[in-house]
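User: I am new to this structure and would like a close look at one part of it. Please start there, then follow the thread outward to whatever helps me get my bearings.

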Amino acid sequence: MTEIDDCIIIGAGPAGLTAAIYLARFHLRIRLFDNGSSRAALIPRTNNHAGFPDGIPGADLLLLMRRQAERFGAVREEAHVDAIRPDGENFLVDVKGRSLSTRTVLLATGVVNNRPDMPDDVHDAALAKGLLRYCPICDGYEVTDRNVGVIGTGDHGVREALFLRTYTRRVTLIAPGASHDLADDSRAALDAAGVEHVDGPCTPISLENGEILVSTAEGRLAFDSVYPALGSRIRSELAIAAGAAASEDGCLEVDAHQRTTVPGLFAAGDVVKGLDQISHAMGEAGVAATTIRNLLAKRAPLRR
């Protein structure tokens, strides 16, 4: 009979890798599945992460965390998980034609940003150069006193534009379509803050002479950086299909110990409602991993 895992972690971003380090150091039998799509890998350089005074590229941070988890015996496999199925007090995890048995599951699958309409190669080049940015909390400091565009409309777009206005006087909110969807009070707030707002079409988007150019109703506008404020897709479908409760937008509901509404199924990081930050995801993962360890010890004594 194949030995049952103590925990299967799905997702190998900062949350999943932190949990893997903790759980491996608890001497638990764990398995980590990674489909290679962590948002952290797209960060050209994070300067918010404590302990790296010169910042660190997201891909480098993930590499260091993987090495650390593997040093303590965490088993990582690049694979897409197809389903999580409750099986008594345990779970079956379906992946690549196999059904693996585990006592607990930690979902750390994160979210996917909705991208503006632009070719993948142009998008990736803009991201690498800091011409395209997705997280003003992460890197608003880097656009201090620069010329910044925000692609978005409605409440979300307005909030992001006003947040970025605390870093620079030159902020323009660009409708992702032909025209803005702005309430009167939103227009008034933008005007009071000195934030320009122009209609789209917002495509094509191109890179020229170290700037990013966006098509608008007022012609092609050039910016030092552009932030898409187009929302994101929460990758919680595996947990929801297993019976876990989620908010209307798909964020998993968890308690203070990162427990979902399905006993034994945990979640941490951006897939849970909260601050989408590396530090926050890592903190949640530490809480989840410790709770998993204590749950398993309650079921049966943990001994070497």
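Analyst: N209 sits in the loop that runs between β11 and β12 (211–216). Helices here are DSSP runs of H or I with at least four residues, strands are runs of E with at least two, and both are numbered from the N terminus. Residue numbers count from 1 along each chain as its sequence is written, and this is a predicted model in which local features need pLDDT of at least 70 and side-chain atom pairs pLDDT 80 or more, while totals for chains, interfaces and linings use all residues. Side-chain values rest on heavy atoms, with hydrogens and water left out.

What makes N209 worth a stop is its backbone: phi is positive, about 50 degrees, although the residue is not a glycine. N209 is exposed, at 78% relative accessibility; buried means under 20% relative accessible area, exposed over 50%, and partly exposed in between, using a 1.4 Å probe and protein chains only.

Just before β11 there is another backbone feature to look for. The loop between β10 (196–198) and β11 (205–208) holds P204, and the peptide bond that leads from T203 to P204 is cis, with omega near 5 degrees.

Now set N209 beside Q258, which belongs to the loop between α7 (237–241) and β16 (265–267). Q258 is a residue other than glycine with a positive phi, near 70 degrees. Here the surroundings are another matter: Q258 counts as buried, at 7% relative accessibility, whereas N209 counts as exposed.

H27 has a positive phi as well, near 60 degrees, and comes after helix α1. That helix spans residues 14–25, 12 residues in total, and reaches 17 Å from first C-alpha to last. This is close to the 16 Å expected at 1.5 Å a residue, where the expected span is 1.5 Å times one less than the number of residues. α1 is mostly covered, with 10 of its 12 residues buried. Among the buried ones are P14, L17, I21 and A24. The cover over them includes the strands β1 (5–10), β2 (30–34) and β6 (98–107), along with the helices α2 (58–71) and α8 (278–299); contact means heavy atoms within 4.5 Å.

Several of those elements turn up again in the charged pairs. The whole structure has 18 salt bridges, each a side-chain nitrogen of Lys or Arg within 4 Å of a carboxyl oxygen of Asp or Glu. In one of them, the side chains of D6 and R103 meet at 3.0 Å, N to O. D6 is in strand β1 and R103 in strand β6, so this pair ties together parts 97 residues apart in sequence. D6 is buried, with a relative accessible area of 12%, while R103 is partly exposed, at 29%.

Helix α8 takes part in a salt bridge too. E89 pairs with R299, with their closest N and O atoms 3.9 Å apart. The two come from distant parts of the chain, 210 residues apart: E89 is in the loop between β4 (81–87) and β5 (90–95), and R299 is in helix α8. E89 is exposed, at 52% relative accessible area, and R299 is partly exposed, at 29%.

A third pair to find is D224 with R146, whose closest N and O atoms are 3.7 Å apart. This pair also links distant parts of the chain, 78 residues apart, since D224 lies in the loop between β13 (219–223) and β14 (225–228) and R146 in the loop between α4 (136–139) and β8 (148–151). D224 is buried, at 18% relative accessible area, but R146 counts as partly exposed, at 43%.

Salt bridges can also join up: E3, D5, R29 and R31 are linked in a network of them.

To finish, look at strand β3 (residues 75–78), where you will find E77. The side chains of E77 and R98 are joined by a polar contact of 2.7 Å; a polar contact is a pair of N or O atoms within 3.5 Å, and within protein one must be able to donate a hydrogen and the other to accept it, with residues adjacent in sequence counting only if both atoms are side-chain atoms. Leaving aside residues up to four places away in sequence, E77 touches L32, F33, D34, K96 and R98.
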